[in-house]
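Please explain how this structure is put together, taking the burial of its residues, its cysteines and the packing of its helices in turn.

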Amino acid sequence: MTTHEGGRGGPPRATGPMIFILTLAMALPMLLLYAIGVLGPVLVSDLRISRSTLGSLTAVCFAVAAVLSLWAGQGVGRIGARRATIALFGVVALSFGLISVSTSFAMLVAGVALCGLAQALANPATNKVIALHVPPERRGSVVGAKQSGVQLAALVAGAALPTAAVLLGWRGALALVIPVSLVALAVSWSVIPGEQPAPLAAGWSKLVRPNAKLSWLMLYQLFLGAGLAAFTTFLPLYATEQLATGEQQAALMIAGFGIAGIVARIGWTSLAGKLAEPHGLLLGLALAAAVFVGAVWASGWFGLLPAWIGSIGIGSTAVAANAVCMLAVVRDRSYGQVTHASALASLAFFSGFVVSPPLVGAVADAAGGLGAAWPVLALELVLAGGCAVGLRRASVAVRAAEDAR
């Protein structure tokens, strides 16, 4: 039987402003990923870097996020979700500030790496707020809304950053994130209720091994993150290099991906909230996303339309799958304590972001173009589907053990 972590210390207090802040907490740290993709053609030209080096920028950010995710759950539990959210926005402002004044590739890498700390905090902090202040029957829609912040970042990056970069340069365009982060920091204090910090227990810094069910979910997140990271990093570059589109139209493909992801995350998580277990839905979303990657690959022969179909399709499937995973760890205690399970699920997702972009960039450099890389992405998503089957088996074992008690 599925168990839930409910709110403590009074009735649930979810408000519209709180949900908006949670959405921004997901959006602003992830904006950097989509910015690297959308501004990729400009960065490659201005900094005179290769495709694999462009991919390494994404890898640096998410390597930091992955490592820090090992302790982010315990950290959020210790300082409280409100303080963690405030810290997140402060780190985002510092990160984009450093990037915007960077005068060397090393400074750029340092700013990108700093953003990894904010990404590590995002899911544990926002999931903790939801577990404490949102009633169980609303958690599906609220998780979907806040996870849609990631795709809101894609929409903003695709729709606004190219124009801003023309007017202000790419550094100036990224500097626009700083005041938004500082306003969100100030508002967080008033809209997120405070909580009593957890006591610092003995051995708090030790890593807790995930159970079998969480392990399968982490593997799913690993392969899902690998596919999404490479897709968002290289789609605009693929469109400009091999489909002969302009940079503006290539960026609009990411915006379309973002719009589809916003709708899909809200819709699929609302459905998942009504299901006893999400593994069947996760399997279907992963395999459908692999088919849509095939559509992008086909655009090399059939023109731009399949790339548009693939971009919107991946936004509607793979993007939503990550949100469904986060809902699972919020509502089902068999994965473990919510902040810890959220952090480990994020660790796996970020690890996929570390490995895949440099790998895909290297394949593209060796093959002379990004067309050869799409089968790698499709395979990653098929492997995610296989992990959903493993998750189903682990869930059956947990249910059998509970029934035997």
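A residue counts as buried when its relative accessible area is under 20%, and as exposed when that area is over 50%. The model discussed here is predicted, and the cut-offs just given can be applied to its cysteines. Cys387 has a relative accessibility of 5% and therefore counts as buried, and Cys115, at 0%, counts as buried as well.

What keeps these cysteines from being counted as bonded? A disulfide is a covalent bond between the sulfur atoms of two cysteines, and the cut-off applied here requires the two sulfur atoms to lie within 2.5 Å. The cysteine sulfur closest to that of Cys115 belongs to Cys61, and because the separation is 4.8 Å, it is too far for a bond. For Cys387 the closest cysteine sulfur is in Cys325, and at 10 Å this sulfur too is too far for a bond. The structure as a whole holds zero disulfides.

Helix α5, which spans residues 105–133, offers two further positions to examine. Gly111 lies in this helix and counts as buried because its relative accessibility is 0%. Apart from residues up to four places away in sequence, Gly111 touches Ser95, Leu98 and Ile99. Its C-alpha atom is 18 Å from that of Thr233, a residue 122 positions away in sequence.

Pro124 is also found in α5, and with a relative accessible area of 0% it is buried. When residues up to four places away in sequence are not counted, Pro124 touches Ala72, Gly73 and Val76, and also Thr339, Ser342 and Ala343. A separation of 9.3 Å is found between the C-alpha atoms of Pro124 and Leu344, although these two residues are 220 apart along the chain.

The packing of helices can be followed next. Two packed helices are described by the angle between their axes and the distance between the axes. Helix α8, made of residues 212–242, packs with helix α12, made of residues 338–367, at an angle of about 40°, and the axes are 6 Å apart. Since angles of 35 to 65 degrees fall outside the parallel and perpendicular ranges, α8 and α12 are therefore oblique to each other. The crossing of α8 past α12 is right-handed, and the contact between these helices has 18 nonpolar, seven polar and no charged residues.

After α8 the chain enters the loop between α8 and α9, where Ala244 is found. Is Ala244 buried or exposed? Its relative accessible area is 71%, so Ala244 is exposed. Its phi is near 60°, which is a positive value in a residue other than glycine.

Helix α9 covers residues 247–272, and it packs with helix α11, residues 304–331, at an angle of about 35°, with the two axes 7 Å apart. Here again the crossing is right-handed, and the contact of α9 with α11 has 17 nonpolar, eight polar and two charged residues.

Helix α10, residues 279–302, contains Ser299. With a relative accessibility of 2%, Ser299 counts as buried. Once its neighbours within four places in sequence are left aside, Ser299 is in contact with Tyr238, Leu243, Pro306 and Ala307.

Key:
Residues are numbered from 1 along each chain as its sequence is written. This is a predicted model: local features need pLDDT of at least 70, side-chain atom pairs count only at pLDDT 80 or more; totals for chains, interfaces and linings use all residues. Side-chain values use heavy atoms; hydrogens and water are left out. Axes are lines fitted to C-alpha atoms, for helices over the stretch in contact, and angles run from 0 to 180 degrees between N-to-C directions. Helices (H or I, at least four residues) and strands (E, at least two) are DSSP runs, numbered from the N terminus. Angles under 35 degrees count as roughly parallel, over 145 as roughly antiparallel, 65 to 115 as roughly perpendicular and the rest as oblique. A crossing is left-handed if the near helix is turned anticlockwise from the far one by less than a right angle, and right-handed if clockwise. Ala, Val, Leu, Ile, Met, Phe, Trp, Tyr, Cys and Pro count as nonpolar, Asp, Glu, Lys and Arg as charged, and the others, Gly among them, as polar. Buried means under 20% relative accessible area, exposed over 50%, partly exposed in between (1.4 Å probe, protein chains only). Contact means heavy atoms within 4.5 Å.
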